[in-house]
Amino acid sequence: MSQSPTRLSSSTRTQILPSSISQVGTVTKYELVNYFRSRRFFVLLVIGVIISALLTVLVGYYRPADFMSSSLKFYYNWFGGSVTFIIILSGIFYGGDAISGEFQNKTGYFLVANPLRRSAIYIGKWLGALIASMIMLAVFTAIAIGNGVYYFGLSIPYQLWVSVLFGLLYLIAVLGFTFFFSSLFKSSSISILVTAILFLFAFMLIQTLVEGLVKIEPWFLITYGAQIITNTLIDPYPTTSTQGFGPNVFTSYATTIPEGIAILSAYFLITAVLGLLIFERREFT
Amino acid sequence: MNSPSIEAVNLSKRYGSFPALSNLNLKIEGSKCVGFLGPNGAGKTTTLKIFTDMIRASEGRALINGIEVHPNKKKALESAGALIESPEIYPSLTPREALSMVAELRGLPKGERRKTIEDAVAEVKMEEWLDKKVGKFSKGMKQRINIAAALLSDPEVVLLDEPTTGLDPRGMAEVRDIVKSLKKRNRLIFMSSHLLNEVQDICDEVAMIDHGKLLVYDTLSNVTTRFSKDSGNVIEIEFLRDIDYQSVNKNIASLANVNSAERIDSRRVRIKFSGGAPIQERLLSDIVTMKIGMISFHSPTSALEDTYLNLIKDTL
Ligand SMILES: Nc1ncnc2c1ncn2[C@@H]1O[C@H](COP(=O)(O)OP(=O)(O)OP(=O)(O)O)[C@@H](O)[C@H]1O
Ligand SMILES: [Mg+2]
């Protein structure tokens with residue numbers, strides 16, 4: 001750091017306030033330190049490892065035909081079958097009380113009276129949660145690939161990488177959403193509970209109702225956008241199809257890739273902006 | 001360059017329709033310690049929170065070194081350190097890590113960080129705990145770390161909200177010494193407190209607030225001479241045995257220069273007198289010679305306490 005003569009202080013120390021971007025980096029760094037030492041991080045990692053271990057054992061023992069028919073089918077069943085759950089779990093664990101916890105535990109008061117923008121705190125914490133969740137996603141993906149290589153060799157279908165990328169996009173959207181929700185509440189447990197109910201039940205329920213009863217495409221649901229993660233692993237890529245006749249007609253909607261990307265990006269952008277605005281205005285009373 | 005300053009201009013804060021702070025106008029400038037006094041719920045914390053942008057004023061402006069805190073929080077707080085309402089530190093961090101975070105956020109030069117942190121922790125007597133997790137600390141230990149964090153970047157303006165709450169007597173004395181040393185280094189300290197002797201000991205000026213309104217802001221000596229109705233000449237006497245009204249009235253109240261003598265309880269009497277220390281000396285020897293069982297003779301309340309009790313009549 002250079003010696004600055006422009007410092008207004010009469011003190012002998014020279015200090016120049018870091019840019020907001022580097023302050024974001026600082027917040028992220030200590031957020032991660034805190035995560036890595038927290039029980040929550042390890043519980044989540046253990047859950048991810050247990051799910052992977054169960055799959056490894058079950059697939060190894062029963063060799064289900066559906067898994068074994070092709071490497072794409074293998075990844076569809078393994079990765080496509082559980083990755084959204086892993087992502088939702090990370091989103092709930094890391095994002096569910098990210099902001100509300102700062103109020104409830106009064107840890108936010110330690111940072112907020114320092115010379116940094118509120119948005120730097122929000123974004124820094126968000127990035128910390130993203131990195132911690134990505135570790136989880138990486139572990140899960142690595143174990144899936146390890147098994148895939150064992151059965152099918154090193155020829156990993158390109159669709160898996162696309163699916164992982166979409167998974168990342170979904171993770172980003174989920175964390176945007178959970179951060180936004182957590183900034184609405186002042187209690188950790190309530191905000192975790194609400195986000196958990198939303199992602200584990202409510203969205204699915206609404207999707208079923210909308211598709212089955214109202215018979216429209218549920219384009220407004222984040223979980224509908226997330227279908228591109230699994231759809232990508234199907235060859236050929238599924239399309240919206242109608243079955244049955246007359247009053248019993250049933251349409252099964254398939255999210256196209258552009259739709260899915262648009263839905264997930266929109267969820268992220270809108271919730272990120274709203275969450276930031278709310279946090280900027282929240283009072284540390 | 002400029003001396004440090006904080007200024008409130010028509011500062012108001014309402015919670016719903018409740019006015020927590022009404023039209024505060026206060027300009028504090030220069031290197032000094034200003035005590036911020038007032039009963040519970042007076043609006044002290046509210047004021048300090050507006051100055052650190054933790055809450056938004058309903059009206060008016062808060063400035064630190066001439067820079068408006070909202071919306072220029074980052075710039076305004078660059079030269080300010082604050083400790084408001086005992087924040088919590090991430091329990092899994094150590095003081096060294098928590099303070100490193102503050103040091104990085106405030107742009108302390110990398111090469112100086114380690115020493116600055118160690119010095120700050122030593123100043124609050126927490127060296128032994130530097131690398132232990134904060135989660136297991138007692139309230140007072142956390143408060144010491146919070147004080148270290150507020151002062152870490154050696155800010156020009158220091159805003160403290162009841163900084164000695166939770167500290168043991170030695171801790172309180174240490175914090176008083178820290179604040180005194182800050183004054184010597186051209187710092188402005190604005191500190192809320194309920195401990196009047198603490199304020200009298202370390203502050204040069206006092207601002208008193210009640211029901212969200214500023215009652216007075218002046219130097220300590222001006223405030224006490226203006227508002228203390230007894231002008232300081234009060235003495236409290238304690239007796240070994242119960243004392244009756246008669247001996248109080250007849251023997252003590254009739255002494256020369258005594259304006260009044262009232263029984264506080266069965267063994268204590270408060271005397272108001274006119275004249276200075278020589279009169280006080282004479283009164284003491286007079287009462288001793290009465291042999292009515294006096295065991296102590298002292299100033300009952302500080303001048304500041306007297307002023308406070310005169311200005312602030314009702315609680316809440
Ligand atoms: N979030 C809030 N909602 C409603 N009223 C509030 C809120 N925070 C504070 N108040 C009210 O504002 C007033 C001033 O509170 P403040 O905390 O500033 O008092 P204080 O002078 O710091 O008191 P103390 O000495 O007890 O710390 C109080 O009457 C309080 O009830
Ligand atoms: Mg207070």
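Hi everyone. Let me start with a pair of helices: helix 5 and helix 6 of chain B run roughly parallel to each other, because angles under 35 degrees count as roughly parallel and their axes cross at roughly 5 degrees. Those axes come within 12 Å. Please keep in mind that this is a predicted model.

To find the pair on your screen, look at residues 139-151 for helix 5 of chain B and residues 169-184 for helix 6 of chain B. Which residues make the contact? From helix 5 of chain B, they are B:Arg144, B:Ile147 and B:Leu151. From helix 6 of chain B come B:Gly171, B:Glu174, B:Val175, B:Ile178 and B:Leu182. Sorted by character, the residues of this contact are 5 nonpolar, 1 polar and 2 charged.

Now over to chain A. Its count is 12 helices and 2 strands. Read along the sequence, the pattern is α-α-α-α-α-α-α-α-α-α-α-β-β-α. The C-alpha trace of chain A spans about 80 × 45 × 30 Å along its principal axes. Chain A has 285 residues, and 51% of them are buried. If we take the contacts in chain A with a separation of 6 or more, 77% are between residues 24 or more positions apart.

Next, empty space. Rolling a probe the size of a water molecule over the atoms shows where such space is left. The largest pocket holds about 490 Å³. It is lined by 22 residues, and the closest to its centre are A:Asn34, A:Arg40, A:Asp97, A:Asn105 and B:Tyr90. Which helix of chain A gives the most to this lining? That is helix 1 of chain A, with 3 residues. Helix 1 (20-37), helix 2 (39-62) and helix 5 (100-104) of chain A each supply at least two residues of the pocket lining. By character, the lining of the largest pocket has 7 nonpolar, 7 polar and 8 charged residues.

There are cavities too. How many of 30 Å³ or more turn up in a search of the whole structure? The search finds 5. The largest cavity has a volume of about 150 Å³. Its lining has 15 residues, and those nearest the centre are A:Phe110, A:Ala113, A:Asn114, B:Ala82 and B:Ala150. Helix 6 (108-112) of chain A, strand 6 (80-83) of chain B and helix 5 of chain B each supply at least two residues of that lining. That is the helix 5 of chain B we began with, the one whose axis comes within 12 Å of the axis of helix 6 of chain B. The lining of the largest cavity divides into 11 nonpolar, 3 polar and 1 charged.

Two residues of that cavity lining, A:Ala113 and B:Ala82, also appear among the contacts of B:Thr52. Where is B:Thr52? It lies in the loop between helix 1 (44-51) and strand 4 (59-64) of chain B. Is B:Thr52 buried or exposed? With a relative accessible area of 0%, B:Thr52 is buried, since the cut-off is under 20%. Leaving out residues up to four places away in sequence, B:Thr52 touches A:Val112, A:Ala113, B:Val69, B:Lys73, B:Leu77, B:Ala82, B:Ile84 and B:Leu159. Its C-alpha atom is 9.0 Å from that of B:Gly81, which is 29 residues away along the chain.

Another buried residue is B:Ser100, at 14% relative accessible area. B:Ser100 sits in helix 3 (residues 95-105) of chain B. Setting aside neighbours within four places in sequence, B:Ser100 is in contact with A:Tyr30 and B:Ile117.

Let me finish with some backbone details. A cis peptide bond joins A:Asp235 and A:Pro236, with omega about 0 degrees. A:Pro236 is in the loop between helix 11 (227-231) and strand 1 (241-243) of chain A. In chain B, the bond from B:His70 to B:Pro71 is cis, with omega near 10 degrees. B:Pro71 is placed in the loop between strand 5 (67-68) and helix 2 (73-76) of chain B.

Then there are positive phi values in residues other than glycine. For B:Asn10, in strand 1 (residues 5-15) of chain B, phi is near 50 degrees. B:Asn10 is partly exposed, at 37% relative accessibility. For B:Glu162, phi is near 45 degrees. B:Glu162 lies in the loop between strand 7 (157-161) and helix 6 of chain B, and at 22% relative accessible area B:Glu162 is partly exposed. Thanks for listening!

Note on methods:
Residues are numbered from 1 along each chain as its sequence is written. Chains are lettered from A and ligands numbered from 1 in the order in which they are written. This is a predicted model: local features need pLDDT of at least 70, side-chain atom pairs count only at pLDDT 80 or more; totals for chains, interfaces and linings use all residues. Side-chain values use heavy atoms; hydrogens and water are left out. On a 1 Å grid over the protein atoms alone, a cavity is a set of points where a 1.4 Å probe fits but cannot get out, and a pocket is an open set with protein on both sides within 12 Å along at least five of seven lines; lining residues have an atom within 4 Å of a point. Grid points are joined across faces, edges and corners, and a volume is the space filled by probe spheres set on the points. Helices (H or I, at least four residues) and strands (E, at least two) are DSSP runs, numbered from the N terminus. Ala, Val, Leu, Ile, Met, Phe, Trp, Tyr, Cys and Pro count as nonpolar, Asp, Glu, Lys and Arg as charged, and the others, Gly among them, as polar. Axes are lines fitted to C-alpha atoms, for helices over the stretch in contact, and angles run from 0 to 180 degrees between N-to-C directions. Angles under 35 degrees count as roughly parallel, over 145 as roughly antiparallel, 65 to 115 as roughly perpendicular and the rest as oblique. Contact means heavy atoms within 4.5 Å. Buried means under 20% relative accessible area, exposed over 50%, partly exposed in between (1.4 Å probe, protein chains only).
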